[in-house]
Structure formats: structure tokens, C-alpha cells
Amino acid sequence: MKKIFLMAFVLPLVFSCGKEEKSNANTDIIEYNETSTPEATTSATAQTTNHIVIKANDDMTFDKTTFTVKVGEEITLLLMNNGTMSKEAMGHNLVILNQGVDLGDFAYAASSEKDTDYIPKEKQADILAHTKLLGGKENDQIKFKIEKPGDYQFLCSFPGHTATMQGKIIAVN
């Protein structure tokens, strides 16, 4: 009777240990997300890219928000609006600001500039480069250079989008 009781108690414990071991083996699987891609690395050994592809959508997000580029080299940026809504209802652009520009002040100034697709005329000196305003299923490609190392913020300047549609380009030597 003691043996049966012991077996009934010990066997499930042995099998559960085996299952736990099995589940620990799955922790070796590496999952990648937007912050673990080479473009999103911000360490001293960050990989750089001169070809940036950013996708926007109707839920007001960019699919990637951090890139590392080389100072002085031409950069090609492709913005793809994968949404379906019109640019009047849910337009997206990408504006790269010069260093030191206040993102909030820029977004506020842009919000009333419908006639210029939310690119404020009085803030042209604050802009390093920008795409055109895109509706659903539209793309725009721009080329530019960054001449000074450091961080450069980017945003969608369509009213109300900056809160969730912003990021950073890190320029390194």
C-alpha cells in the first residue's frame, strides 16, 4: 500500500519535471520585433542602413521608429501608407526635423497648415527632409544626407498623429 501511495505521488512529480524541462528548451527560441532589428540598435556597434523603409497604416503607427545611418552618405527613405483611408481622412507623411527642434511646437504649427499638406511655411528651417502627404496605398521616396552626427526626430505632421507616429534617426560617423 505504501508503494502504491508513493508511486501515485512520485510519478506525477517525475513527469511534471520532464514537462518543465521541455518547456525550458523552448526559451532558446529568439523572437524578433521592431526593437531588436539591426536598424533599431543604438549601441556603439549599431548597424547602419542607408535605405530606410517605413510603413504607416490606419491605426496611426509607423512600423519602425529607430534607424542608424552614416553621416555624409546619401540616405533613401521610402514611406509606404499601407492603410486604406483617403489622405483627407487619415493622411500620413514623414517629416525629419533638424537637431534641437521641439517636436511638439513643430506639430502644433503644422496642425493648421492643411493647404500645404501640414508642412508649415514658417518652420521650413526646422525641416531636414519630408515626404508628401499620402493617402491609403500610396508611397513616396525621398533622398537626403545628414551632415552632423546625433539624433534627428521624425514625425507624421497630420493633425493628432504625432503622439503615436514619431521616431528617431541616429547619425553616426
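Select Gly91 to begin: in this predicted model, Gly91 is buried, with a relative accessible area of 0%. The residue sits in the loop that runs between helix 2 (87-90) and strand 4 (95-97). Next, display the residues that Gly91 touches, leaving aside those up to four places away in sequence: Ser86, Leu133, Leu134, Cys156, Phe158 and His161. Then add Met60, which is 31 residues from Gly91 in sequence, and draw a line between the two C-alpha atoms; the distance in space is 9.4 Å.

**The whole chain**

Zoom out and colour the chain by secondary structure. The chain contains 3 helices and 8 strands. Followed along the sequence, these elements appear in the pattern α-β-β-β-α-β-α-β-β-β-β. The chain has 173 residues, and buried residues make up 35% of them. Switch to a surface view: the chain exposes about 10400 Å², of which carbon and sulfur atoms supply 55%. How many of the contacts between residues at least 6 apart in sequence join residues at least 24 apart? The share is 69%.

**An open sheet**

Now select strands 1, 3 and 6. These 3 strands form an open sheet in the order 1-3-6, with mixed pairing. Strand 1 (51-56) and strand 6 (139-145) stand at the edges with a single partner strand each, so one side of each has no neighbour in the sheet. From one strand to the next, the twist averages 20°. Strands of a sheet pair through backbone hydrogen bonds, in either a parallel or an antiparallel manner. Look closely at strand 3 (residues 74-81): 7 bridges join it to strand 6, and the two run antiparallel. For one example, select Ile75, whose bridge partner in strand 6 is Phe144.

**Strand 2 and strand 8**

Move to strand 2 (residues 66-70). Is strand 2 mostly covered or mostly open? Strand 2 is mostly covered, since 4 of its 5 residues are buried. Display strand 8 beside it: 5 bridges join strand 2 to strand 8, and these strands run parallel. Select Thr68 to see one such position; its bridge partner in strand 8 is Ile170. In a regular strand, the side chains alternate between the two faces of the sheet.

**The salt bridges**

Finally, show the charged side chains. Side chains of opposite charge can pair when their charged atoms come close. A search of the whole structure finds 3 salt bridges.

- Select Lys168 and Asp151: they form a salt bridge, with the closest N and O atoms 3.9 Å apart. This pair links distant parts of the chain, as Lys168 lies in strand 8 (residues 166-172) and Asp151 in strand 7 (residues 150-155), 17 residues apart. Lys168 is partly exposed, with a relative accessible area of 30%, and Asp151 is also partly exposed, with a value of 43%.
- Select Asp63 and Lys64: their side chains meet in a salt bridge of 3.5 Å, N to O. Asp63 is partly exposed at a relative accessible area of 26%, and Lys64 is partly exposed at 24%.
- Select Asp126 and Lys123: they form a salt bridge whose closest N and O atoms are 4.0 Å apart. Lys123 is partly exposed, with a relative accessible area of 21%.

Key:
Residues are numbered from 1 along each chain as its sequence is written. This is a predicted model: local features need pLDDT of at least 70, side-chain atom pairs count only at pLDDT 80 or more; totals for chains, interfaces and linings use all residues. Side-chain values use heavy atoms; hydrogens and water are left out. Buried means under 20% relative accessible area, exposed over 50%, partly exposed in between (1.4 Å probe, protein chains only). Contact means heavy atoms within 4.5 Å. Two strands pair if DSSP finds at least two bridges between them. Axes are lines fitted to C-alpha atoms, for helices over the stretch in contact, and angles run from 0 to 180 degrees between N-to-C directions. Accessible areas come from the Shrake-Rupley method with a 1.4 Å probe; for residues, only the protein chains shown count as cover.
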